[in-house]
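Open the model in your viewer and set it to cartoon, with side chains hidden for now. The stops below say what to select and what is found there.

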Amino acid sequence: MKSLALVVLLLVMSAPVARAAEVVPLPADKQAFGTARSAASPVWFTLGHQGLSEIFFPDLSTPATHETRLLVDGKPGQAHTEPADDRSLTFRQHLRGDGWRAEITYVTDPQRAAVLADVTVTAQRPVRLSVEHVPMKGSSEVRTTLPTEPVRRAHGTFAVGLGEGVAQAALDRGFRASAKEYARGWHTYLDGLKRPKSADRRLYDMSVMMLAATEDKTHPGASIASPSFPWAFGFDRELAPELGPYALVWPRDLYHVSTAMVAAGDRGFAERSLDFMLREQQEPDGHLPQNTRVDGTPVWTKVQLDQTAAPLLLAWHLSRADKSTMDALRRSADYLLSYPNSPFSEQERWENQDGYSPATIASVVAGLVCFADLLQRNGENADRYLKAADEWQRKVEGWTATSTGPYSPKPYYLRLTKDGQPDQGTKYNLGDNNPTDIDQRAVVDPSFLELVRLGVKRADDPVIRNTVRVVDQQLKEQGYWHRFTQDGYGETADGRPWGINWPTPTRTYGRLWPLLSGERGEYELLAGDKAAAAQRLREIAATANSGLMLPEQVWNGRGTGSATPLAWTHAQYVRLAWSLDAGRPVERPAVVVNRYKS
């Protein structure tokens with residue numbers, strides 16, 4: 001067998017480098033996502049359908065390379081991706097082309113910023129091998145390997161190194177040594193954690209590792225939503241001047257990931273996340289922006305009150321009541337009280353509408369009660385926070401549940417109301433390419449279950465049960481749920497990618513969200529139906545691709561071109577698994593449950 005050394009060198013320049021043409025990101029349904037556990041290797045790789053897709057360096061908000069593919073006689077193959085080791089983020093791709101096949105195993109060098117690929121090729125005829133490398137922003141020092149002499153069998157290694165001499169140093173060390181250290185790092189990490197009885201072992205371990213990998217190494221506690229760029233967020237520079245936005249940190253997603261990691265036994269992850277929220281994301285007035293880069297720089301700046309409540313909830317789960325933390329939490333709690341018409345929010349959790357949202361109100365009420373409990377532990381008066389929480393808990397139904405809407409049984413919770421008057425036929429435009437205004441009484445959303453999950457309402461509350469039935473009638477399809485009535489954040493009818501700036505009006509359709517199955521499972525546990533909750537866990541698992549990555553959206557049983565892997569989906573899988581073991585949602589704050597007898 002011919003021995004090869006295929007080297008790709010990318011020298012990252014300190015100054016911006018001009019590029020001849022815009023690089024369009026690859027499809028967002030990544031087949032794998034990997035990095036070493038060590039901070040000495042600030043590089044992350046993704047795998048697409050033909051080889052390496054975006055590589056991130058020096059942090060998780062910065063894609064540094066676009067694509068790196070093995071070419072055989074100048075053409076790529078189609079790849080099938082699978083974990084090469086169920087207990088590490090080592091992945092293997094099986095590629096096939098015209099008369100040839102290849103096997104490539106990927107890791108990062110734990111000692112430096114380099115991605116290593118171990119390659120074996122077998123062909124029916126002599127073929128020339130090369131590696132095509134496309135940087136994200138261009139460089140004066142990019143080289144693509146020249147084709148080899150014709151071979152029928154070959155084995156070798158190629159490296160993508162970020163920095164001068166890094167690729168060669170990684171090759172000098174060798175794939176085997178790096179792969180062994182890489183795997184050992186993840187094995188050690190998993191050995192320090194627990195595993196629930198309810199989950200599929202392979203998918204559970206992959207989910208926990210994937211969540212751990214989304215934390216930036218230069219900015220501890222900063223965990224991105226997804227290492228992918230779905231649909232127009234990848235190609236529409238008017239919509240997204242920089243690539244993104246999923247490679248950013250949302251306080252809401254960070255909260256869900258952190259509570260999953262607490263359940264899994266990685267409390268340190270959640271502690272760092274809370275520190276990041278309060279030290280890097282929190283604004284002077286106490287609110288947390290819609291999202292930030294991993295260094296805390298705000299990107300989108302709309303106010304979402306549930307995200308400002310997130311650190312209040314997380315701090316309670318961590319019993320964090322030290323002075324520095326409490327001072328920061330007080331700023332967030334005071335912001336919730338002082339925001340105009342609170343708990344009206346500029347945006348709710350699906351980020352494209354303002355109004356009174358049951359889900360947002362649930363987060364705010366629970367956050368204030370949790371913060372009040374921390375205050376009382378320190379001997380401080382919490383009356384003003386509890387007074388607001390109690391008032392909003394009493395009023396949430398009057399603000400957001402309709403008795404005059406078009407669905408039955410009534411009353412039922414709406415996605416939101418624009419005016420706090422759910423029996424009024426106020427109309428609004430749903431956005432996301434939905435061409436018409438719609439009566440607010442006709443728009444429902446599974447997110448109302450936040451009222452139950454966070455202890456604000458009982459699972460057997462009549463309005464809750466009514467809304468479960470309405471939501472199932474209107475939003476359940478193929479065993480999963482849509483986000484809300486006539487959601488447009490998805491694909492066109494024929495599967496083309498979502499966008500906003502169409503040359504002519506084009507309708508897009510939001511698909512089905514596996515994470516909503518997890519939220520339903522938490523509700524079903526509280527409703528006494530553990531068998532149904534266990535089925536929800538299996539439904540989430542069924543959406544995993546061959547690399548065990550869980551998607552944002554699915555259609556016809558498969559992930560779409562939406563963000564994959566989505567950290568929130570993996571977090572929901574982990575949290576529901578532990579909830580099944582416990583017989584109750586593990587993240588439900590007891591202090592809220594006790595206050596509202598829920």
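In which hand of crossing does H5 pass H6? Select both helices before reading on. This is a predicted model, and the crossing of H5 past H6 in it is left-handed.

**Stop 1: H5 and H6**

H6 covers residues 267-281, and its axis lies 7 Å from that of H5, at an angle of about 160 degrees. Angles over 145 degrees count as roughly antiparallel, and H5 and H6 are therefore roughly antiparallel to each other. Now show side chains. On the H5 side, pick Pro251, Leu254, Tyr255, Val257, Ser258, Met261 and Val262; on the H6 side, pick Arg267, Phe269, Ala270, Ser273, Phe276, Met277 and Gln281. These residues make the contact. Coloured by class, the contact of H5 with H6 shows ten nonpolar, three polar and one charged residues.

**Stop 2: the largest cavity**

Keep H5 on screen, since H5 (251-264) supplies at least two residues to the lining of the largest cavity, as do H7 (305-318) and H11 (450-453). The model has four cavities of 30 Å³ or more, and the largest has a volume of about 100 Å³. To find the largest cavity, select its lining: Arg252, Tyr255, His256, Asp306, Ala310, Leu313, Arg349, Ser363, Glu450, Arg453 and Leu454. How many residues of this lining are nonpolar, polar and charged? The lining of the largest cavity has four nonpolar, two polar and five charged residues. Tyr255 is a residue to label, as it belongs to the lining of the largest cavity and also to the contact of H5 with H6.

**Stop 3: H9 and H10**

Next select residues 358-377, which form H9, and residues 383-400, which form H10. The axes of H9 and H10 are 9 Å apart and the packing angle is about 165 degrees. H9 and H10 are therefore roughly antiparallel to each other, and their crossing is left-handed. From H9, show Pro358, Ile361, Val364, Val365, Leu368, Val369, Phe371, Ala372, Leu375 and Gln376; they meet Tyr385, Leu386, Ala388, Ala389, Trp392, Gln393, Val396, Trp399 and Thr400 in H10. The contact of H9 with H10 holds 16 nonpolar and three polar residues, and no charged ones.

**Stop 4: H2 and H3**

Move to H2 (residues 175-191) and H3 (residues 201-213), whose axes come within 11 Å and cross at roughly 110 degrees. Are H2 and H3 roughly parallel or roughly perpendicular to each other? With angles of 65 to 115 degrees counted as roughly perpendicular, H2 and H3 are therefore roughly perpendicular to each other. Trp186, Tyr189 and Leu190 of H2 make the contact with Asp205, Val208, Met209, Ala212 and Ala213 of H3. Seven residues of the contact of H2 with H3 are nonpolar, none is polar and one is charged.

**Stop 5: backbone details in the loops**

From H3, follow the chain into the loop that leads to H4 (232-235) and stop at Trp231. Trp231 is not a glycine, yet it has a positive phi of about 50 degrees.

Then go to the loop between S4 (52-56) and S5 (63-72), where Pro58 is placed. The peptide bond from Phe57 to Pro58 is cis, with omega near 0 degrees.

The last selection is Pro409, in the loop between S12 (401-402) and S13 (412-413). Here the peptide bond from Ser408 to Pro409 is cis, with omega near 5 degrees.

Methods. Residues are numbered from 1 along each chain as its sequence is written. This is a predicted model: local features need pLDDT of at least 70, side-chain atom pairs count only at pLDDT 80 or more; totals for chains, interfaces and linings use all residues. Side-chain values use heavy atoms; hydrogens and water are left out. On a 1 Å grid over the protein atoms alone, a cavity is a set of points where a 1.4 Å probe fits but cannot get out, and a pocket is an open set with protein on both sides within 12 Å along at least five of seven lines; lining residues have an atom within 4 Å of a point. Grid points are joined across faces, edges and corners, and a volume is the space filled by probe spheres set on the points. Helices (H or I, at least four residues) and strands (E, at least two) are DSSP runs, numbered from the N terminus. Ala, Val, Leu, Ile, Met, Phe, Trp, Tyr, Cys and Pro count as nonpolar, Asp, Glu, Lys and Arg as charged, and the others, Gly among them, as polar. Axes are lines fitted to C-alpha atoms, for helices over the stretch in contact, and angles run from 0 to 180 degrees between N-to-C directions. Angles under 35 degrees count as roughly parallel, over 145 as roughly antiparallel, 65 to 115 as roughly perpendicular and the rest as oblique. A crossing is left-handed if the near helix is turned anticlockwise from the far one by less than a right angle, and right-handed if clockwise. Contact means heavy atoms within 4.5 Å.
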